[in-house]
Amino acid sequence: MSDTATSQPQPHPIEFADAKRRLKAIFVGSVGNLVEWYDFYAYTAFSLYFAPAFFPSSDPVVQQLNAATLFAAGFIVRPLGGWLFGHLADRYGRRLSLTISVLMMCFGSLIIALTPTYATIGFAAPALLALARIIEGLSLGGEYGASATYLSEIADPEHRGFYSSFQYVTLIGGQLTAILVLLLLQNVFLTHEQLVAWGWRIPFVIGALLAVTAMFMRRHMHETESFTEASKNPVKRESSIRGLMRYPREIAIVVGLTAGGTAAFYTFTTYMQTFVRQTAGFSDITTTYVIAGSLIFAAILQPIYGAISDRIGRKPMLIFFGVAGTLLTVPLLTTLAGTKSPWVAFLLISGAWVFVAGYTSINAVVKAELFPTSIRATGVAVPYALTVSIFGGTAPAIALFFKQQGHEQWFYYYLAGVIFISLLVYSTMRDTKHQSAMHRHD
């Protein structure tokens, strides 16, 4: 293959109508992504309230550890969801896969909303909660790959980093929406006792209704031109996993670049709610404000970093995250654990996002640029979901385990070490902006 064939398309003027079509498609895809992650993160945002209803114990750390363990359980099935929905996206289209995944998230959210407590049905209560998390894990395992693929393919080549960064804008937006619901229930509508008794069910009902809305919106999404082109030139049918095995180097890169980034992401989103509350010792409401403020800052960073990657490339952004994350994680978390000022806590978590966004803003497009169209959704979803199951979903449980054992700082070093491993990958991988497989349909 000639150098011309592998080079990136030259910049060209984009017609207004075409830009409008792309923006509309990205908006619709992103709204569904926001709903999926709202449902998923509502579990974390409200775990402080519903954990006693499902896990009777006099020790709140044990209750949160049990809740975090089920949170991790949802990640165990994410590789299966990545394969299932990746296969649907690669064989039948991105739109179908995204529509079905958000419907499954609706079902999982409804189960949580309607499940009786442990006092009512005993062990069946946490068992049903686990079932709901498994359903949501399957859904989310497919959502990431199909969504990352869709947003990367629908964007024009010169702004792919910017457009695809909105996956994490909406992902963070989903958590912000969950926190907004939490703030309204805490400060406006319900007392603490009402939240503990039954109010924690409300966000899951809201999530189910939002998911139904997103499902109908996604039914009318435009299919991507890349998938349409690939469908005109069908290749020999083979299983998605067999097809994926033809790209061992790309699989290894996805695993390596994801490990540190996903561990950092789930630490500074999912686990921060518990860390700021139980380790730093802030009240429920103060914790919510601190986390919400830092997430707003994180969401703003995503498109900025995505646009920068369109200028300087993806690799420098990843190396920036790897170096800063390796050097600063331990001192940052150590300082955060000892602070008594909400403003200092906000600045410290926001400071973490300055380097974590180097990964979150572009990791989706980097993975999409590694694989050809025929296997892209599966290639993005399966190795990513497997890595997230090992390093991302387990982060809160590992942190709480160390805390329970009296060695909470061990988790700080664990996180820095995982980021360092990913840094080794970042420093040796190709820059996918300049060497992309997006134009390949094989």
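Is Ser-350 buried or exposed? Ser-350 counts as buried, at 6% relative accessibility. That residue is a handy way in, and the points below go on from there to the rest of the model, which is a predicted one.

1. **Ser-350 and its surroundings.** Ser-350 belongs to helix H18, which covers residues 342–360. Setting aside neighbours within four places in sequence, Ser-350 has contacts with Ser-294 and Phe-297. With a relative accessibility of 6%, Ser-350 falls under the 20% cut-off, so it is classed as buried.

2. **Confidence.** Before leaning on details, please look at the pLDDT. The protein chain has an average of 81, and 85% of the residues score at least 70. Residues 1–12 are the stretch to treat separately: pLDDT stays under 50 there, and the model gives this stretch 11 contacts beyond four places in sequence.

3. **Overall make-up.** The protein chain holds 22 helices and 0 strands. Of its 442 residues, 60% are buried. Among contacts with a separation of 6 or more, 87% join residues that are 24 or more positions apart. The exposed surface of the protein chain comes to about 16,800 Å², with carbon and sulfur atoms supplying 69% of it.

4. **Helix H17.** This helix runs over residues 315–338, has 24 residues, and reaches 34 Å from its first C-alpha to its last, close to the 34 Å expected at 1.5 Å a residue. Even so, H17 bends by about 50° at Leu-328, and Pro-331 follows within four residues. The buried residues of H17 include Met-317, Phe-321, Gly-325, Val-330 and Leu-336. Packing against the buried residues of H17 are helices H15 (248–279), H16 (284–312), H18, H19 (363–368) and H22 (409–428).

5. **Helix H15.** One of the packing partners of H17, helix H15 has a kink of its own, about 65° and centred on Tyr-271. H15 is largely enclosed by the rest of the structure, because 26 of its 32 residues are buried. After H15 comes Gly-281, whose phi is positive, near 85°.

6. **A buried salt bridge in H8.** The count of salt bridges comes to 5. In one of them, the side chains of Glu-136 and Arg-133 meet at 2.7 Å, N to O. Why are Glu-136 and Arg-133 separated by about one helical turn? They are 3 residues apart in helix H8, residues 124–154, which means about one turn lies between them. In general, an α-helix has 3.6 residues a turn, so residues three or four places apart point the same way. Glu-136 is buried, with a relative accessible area of 0%, and Arg-133 is also buried, at 0% relative accessibility. If you set up protonation states for this model, these are the charged side chains I would look at alongside the next point.

7. **A linked set of charges.** Arg-160, Asp-310, Arg-314 and Glu-369 are joined in a network of salt bridges. Within it, Asp-310 pairs with Arg-314, with the closest N and O atoms 3.0 Å apart. Both of these residues are buried.

8. **Glu-408 and Lys-403.** Their side chains form a salt bridge at 3.7 Å, N to O. This value lies within the 4 Å cut-off, so the pair is counted. Glu-408 is buried, with 14% relative accessibility.

9. **Asp-39.** This residue sits in helix H2, residues 16–45, and is buried, with a relative accessible area of 0%. Beyond residues up to four places away in sequence, Asp-39 touches Met-105, Ser-109, Glu-136, Phe-204, Gly-207, Ala-208 and Ala-211. One name there is familiar: Glu-136 is the salt-bridge partner of Arg-133. Asp-39 and Cys-106 are 67 residues apart along the chain, while their C-alpha atoms are separated by 7.9 Å.

10. **Leu-114, by contrast.** Leu-114 lies in helix H6, residues 94–114. What is the relative accessible area of Leu-114? The value is 64%, so Leu-114 is exposed. Leu-114 and Arg-201 are 87 residues apart in sequence, and 7.5 Å apart in space, C-alpha to C-alpha.

Conventions: Residues are numbered from 1 along each chain as its sequence is written. This is a predicted model: local features need pLDDT of at least 70, side-chain atom pairs count only at pLDDT 80 or more; totals for chains, interfaces and linings use all residues. Side-chain values use heavy atoms; hydrogens and water are left out. Helices (H or I, at least four residues) and strands (E, at least two) are DSSP runs, numbered from the N terminus. Buried means under 20% relative accessible area, exposed over 50%, partly exposed in between (1.4 Å probe, protein chains only). Contact means heavy atoms within 4.5 Å. pLDDT is the predictor's confidence in each residue, from 0 to 100. Accessible areas come from the Shrake-Rupley method with a 1.4 Å probe; for residues, only the protein chains shown count as cover. The expected span of a helix is 1.5 Å times one less than its number of residues. The bend at a residue is the angle between axes fitted to the seven residues ending there and the seven starting there.
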